[in-house]
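Colleague: I'm new to reading models like this one, and I'd love a close look at one part of it. Please take me through it slowly.

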Amino acid sequence: MAGMSRPDTANPAARRPRPVVIILVAFFALQLLVFLVFREAPGAAAVSHVTVLPRRDADDSGCGGGQVYVYDLPPVFNEDLLSPCDALAPWYSLCPYLANDGLGFPANWTNMSTIMPAELVGSWYSSDQFVLEHIVHRRLLSHRCRTTDPARATAFFVPFYAGLSVGRHLWATNSTDADRDTDGAALLSWLHAQTYYKRSHGWDHFIALGRITWDFRRSPDGGWGGSFLLMPGLANITRLVIERDPWDAMDVGIPYPTGFHPRTADDVRAWQQYALSRPRPKLFAFAGAPRSAIKGDFRALLLEECKAAGDACSELDCGEGVCIKQNALVMQQFLGARFCLQPRGDSFTRRSLFDCMVAGAVPVLFWRRSAYLQYEWYVPVGNDHEGEWSVFIDRDELRAGNVTIRGVLAAIPAARVQQMRKRVVEMIPKLVYSAADKEGLGDGMKDALDVMIDGMVRRVAEQGRS
């Protein structure tokens, strides 16, 4: 066997690697090093002023997309604003609505037994649409996707109660532009000094606003509202707002709060089953107050349409704040109808849209800006999807008398109506702000705040890639 062995060469230089071999080995070693570095730091090649997302552990409490850090602001920007609750709105006290971390007092409607089964009553509260900031803040503080370590955060929440702040001054006869803007300017001064804001210039920061966007966009020439959204240093921060500016990409529409705040997925499923099975003798319903001072008031036209439809329609005049103080009347209207009319309110959106859908009725819209250009994180939008869960009627055709509401809705086949109603009821979980604890509704069911977090984390990731 010795004759089969290769003899050692007599030339020692033949044992040394050739230069080309050394170069190839070094090249592949460098490639491996680059691969390992970028695997550990995804997004490292992004623009320098955008936050680099840290690597996530696989067991981040079901928050694989990322976690949220909630700033601990000086109380002057949130908690202190709750103290004068009697003066936060001009027509009624907000104090009862700020109880239970913004959900309000448990509903004690006198006719609740006629509206819903007793086992569902505990999920209902007397909530106000203008306390959204408090609701979101408190829910985020106990949310499973919250982190107290900013180094681990993907997104940063700024719990400034901007709507409550400016609301104190919107109708005060002696208020000035400076009164409406002082808190906002002070908040931005504080925020701009924070390490993680400076790191990203605000691209991974967000805020929730409990008033419509137009209340924060005062013209430089003066007029209504504050100017918080137009202040320097806010341009990169995402604003989650109950009515967005369709031409501002940093505004994201989120649902108005309703009175339904379930604690578990079982609570939601029980309500969904009830909403689907409840008899609905009326074809459509309308709840709203006419605006007699407005020439050609569209709400007055809808009330006329309702009267003309006879037994096919039920109407509720919301004048003098009736629907705010007695939301049970609104729910009773919508629970008894297959469709509900949703014109624009004082602005393009209304809380009534969400009351309608939570009640399991199909909304009828007359302005695309009332929903289709507002809530894309929450409802299907686009020409291929709008008809799944809503009906759109051209308001000009209605004004001209070319169509009637009863005619349009009665022409929809019963099977199609039932299919639309099922689609609306399927959407209920993500349209409501739950009263759940840290673990949420459970069973993989997400509420409006879960959708908000998912959307914000996704938005930060998209910004990092752009």
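How many helices and strands are there in the protein? And please look closely at helix 4: which of its residues are buried, and what covers them?

Modeller: Happy to! This is a predicted model, in which local features need pLDDT of at least 70 and side-chain atom pairs count only at pLDDT 80 or more, while totals for chains, interfaces and linings use all residues. Residues are numbered from 1 along each chain as its sequence is written, and side-chain values use heavy atoms, with hydrogens and water left out.

The protein has 17 helices and ten strands. Both are DSSP runs numbered from the N terminus: helices are H or I with at least four residues, strands are E with at least two. Of its 466 residues, 52% count as buried, meaning under 20% relative accessible area with a 1.4 Å probe, protein chains only.

Now find residues 132–141, which form helix 4. Eight of its ten residues are buried, so this helix is largely enclosed by the rest of the structure. The buried ones are Leu132, Glu133, His134, Ile135, Val136, His137, Arg139 and Leu140.

What lies over them? Contact here means heavy atoms within 4.5 Å. The cover includes strand 1 (68–70) and helix 2 (79–82). It also includes strand 2 (155–157), helix 5 (162–167), strand 3 (205–209) and helix 17 (448–465). For a wider view, take contacts in the protein between residues at least 6 apart in sequence: 73% of them join residues at least 24 apart.

Let's follow one of those covering elements, helix 5, to an empty space. Rolling a probe the size of a water molecule over the atoms shows where empty space is left. A cavity is a set of points, on a 1 Å grid over the protein atoms alone, where a 1.4 Å probe fits but cannot get out; lining residues have an atom within 4 Å of a point. The structure holds one cavity of 30 Å³ or more, and the largest has a volume of about 60 Å³. That volume is the space filled by probe spheres set on the points, with grid points joined across faces, edges and corners.

Thirteen residues line the largest cavity, with Ala162, Val166, Arg180, Gly184 and Phe228 nearest its centre. Helix 5 and helix 6 (177–191) are the elements that give two or more residues to this lining, and helix 6 gives the most, with four. By type, the lining has six nonpolar residues, four polar and three charged. Here Ala, Val, Leu, Ile, Met, Phe, Trp, Tyr, Cys and Pro count as nonpolar, Asp, Glu, Lys and Arg as charged, and the others, Gly among them, as polar.

How values were computed: Buried means under 20% relative accessible area, exposed over 50%, partly exposed in between (1.4 Å probe, protein chains only). On a 1 Å grid over the protein atoms alone, a cavity is a set of points where a 1.4 Å probe fits but cannot get out, and a pocket is an open set with protein on both sides within 12 Å along at least five of seven lines; lining residues have an atom within 4 Å of a point.
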